[in-house]
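Here are a few exercises to work through with the model open beside you. Try each task on your own before you read its solution.

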Amino acid sequence: MEEQTLGMHKDVNPITLNNLQSYMMPLFHGTLLDIYFRMETQELKKLVAAIAEEHYNITDGIDGNLNYLWYMYHKGTKKDEFRPFVYMAELMLLKKYNYITTTELQNVVGMMKSEDKDNLHMATLTIKNLRELRIKEHGIYSKDNEAYNELGYTYAFDVLNHTVFLQTMTER
């Protein structure tokens, strides 16, 4: 029963598997973990880049200070760099379009504040999936997309306001 719980089939000898792992692990010490963390990092970088690009476009011609901030994370010296405000801006946008409640937002923020890397990974997946749903239903932001007509006027109040930015920049 324990073998089935672990996902092992009856035709796989646990002793052979154990011996194989004991032989292979010293040869490739940390390789599987390294690949796993690199994949997580790649996923995080792609998401940060996509968020930065869209928020850069949202603030273009609307708010010079916020646009310059997003420029730094989209094209500038901070490109692909993770900061919690990037996720928070996307979370607030998701909240504005009713993809996430205040309680759910607080739960995701709690995962981001956690020291456990798995929680950050779960927060990344949550934001990524909700973002993809928003884009599927409303499309990506563009000045011509009517779903986002009022966003340019309310972005600095509803999405990335001074309080949200300062609170999230003090994290991590």
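**Exercise 1. Decide whether Asn98 counts as buried or exposed, then look at its backbone.**

Step 1: Asn98 has a relative accessibility of 69%. Buried means under 20% relative accessible area, exposed over 50%, and partly exposed in between, with a 1.4 Å probe and protein chains only. Asn98 therefore counts as exposed.

Step 2: Find its place. Asn98 sits in the loop between helix 5 and helix 6 (102-113). Helices (H or I, at least four residues) and strands (E, at least two) are DSSP runs, numbered from the N terminus.

Step 3: Check the backbone. Phi of Asn98 is near 60°, a positive value in a residue other than glycine. Most residues other than glycine have a negative phi.

A word on the source: this is a predicted model, in which local features need pLDDT of at least 70, side-chain atom pairs count only at pLDDT 80 or more, and totals for chains, interfaces and linings use all residues. Residues are numbered from 1 along each chain as its sequence is written, and side-chain values use heavy atoms, with hydrogens and water left out.

**Exercise 2. Describe how helix 5 packs against helix 6.**

Step 1: The two helices, 5 and 6, pack at an angle of about 165°, with their axes 11 Å apart. Axes are lines fitted to C-alpha atoms, for helices over the stretch in contact, and angles run from 0 to 180 degrees between N-to-C directions.

Step 2: Angles under 35 degrees count as roughly parallel, over 145 as roughly antiparallel, 65 to 115 as roughly perpendicular and the rest as oblique. Helix 5 and helix 6 are therefore roughly antiparallel.

Step 3: Name the partners, where contact means heavy atoms within 4.5 Å. On the helix 5 side they are Pro84, Tyr87, Met88, Leu91, Met92 and Lys95, which meet Thr102, Leu105, Val108, Val109 and Met112 in helix 6. This contact divides into nine nonpolar residues, one polar and one charged. Ala, Val, Leu, Ile, Met, Phe, Trp, Tyr, Cys and Pro count as nonpolar, Asp, Glu, Lys and Arg as charged, and the others, Gly among them, as polar.

**Exercise 3. Repeat the analysis for helix 5 and helix 7 (residues 117-138).**

Step 1: Their axes come within 10 Å and cross at roughly 45°, which makes helix 5 oblique to helix 7.

Step 2: Tyr87, Glu90, Leu91, Leu93 and Leu94 in helix 5 meet Leu120, Thr124, Ile127, Leu130, Arg131 and Arg134 in helix 7. By class, there are seven nonpolar, one polar and three charged residues.

**Exercise 4. Now take helix 4 (residues 64-74) and helix 5 (residues 84-96).**

Step 1: Helix 4 and helix 5 pack at about 120°, with axes 12 Å apart. That angle makes helix 4 oblique to helix 5.

Step 2: From helix 4, Leu69, Trp70 and Tyr73 meet Phe85, Val86 and Ala89 of helix 5. The contact has six nonpolar residues, no polar and no charged.

**Exercise 5. Classify Lys113 and relate its position to Ala123.**

Step 1: Lys113 is found in helix 6. At 47% relative accessibility, Lys113 counts as partly exposed.

Step 2: Lys113 and Ala123 lie ten residues apart in sequence and 10.0 Å apart in space, C-alpha to C-alpha.

**Exercise 6. How many helices and strands does the protein chain have?**

Step 1: The protein chain has nine helices and zero strands.

Step 2: Of its 172 residues, 35% count as buried.
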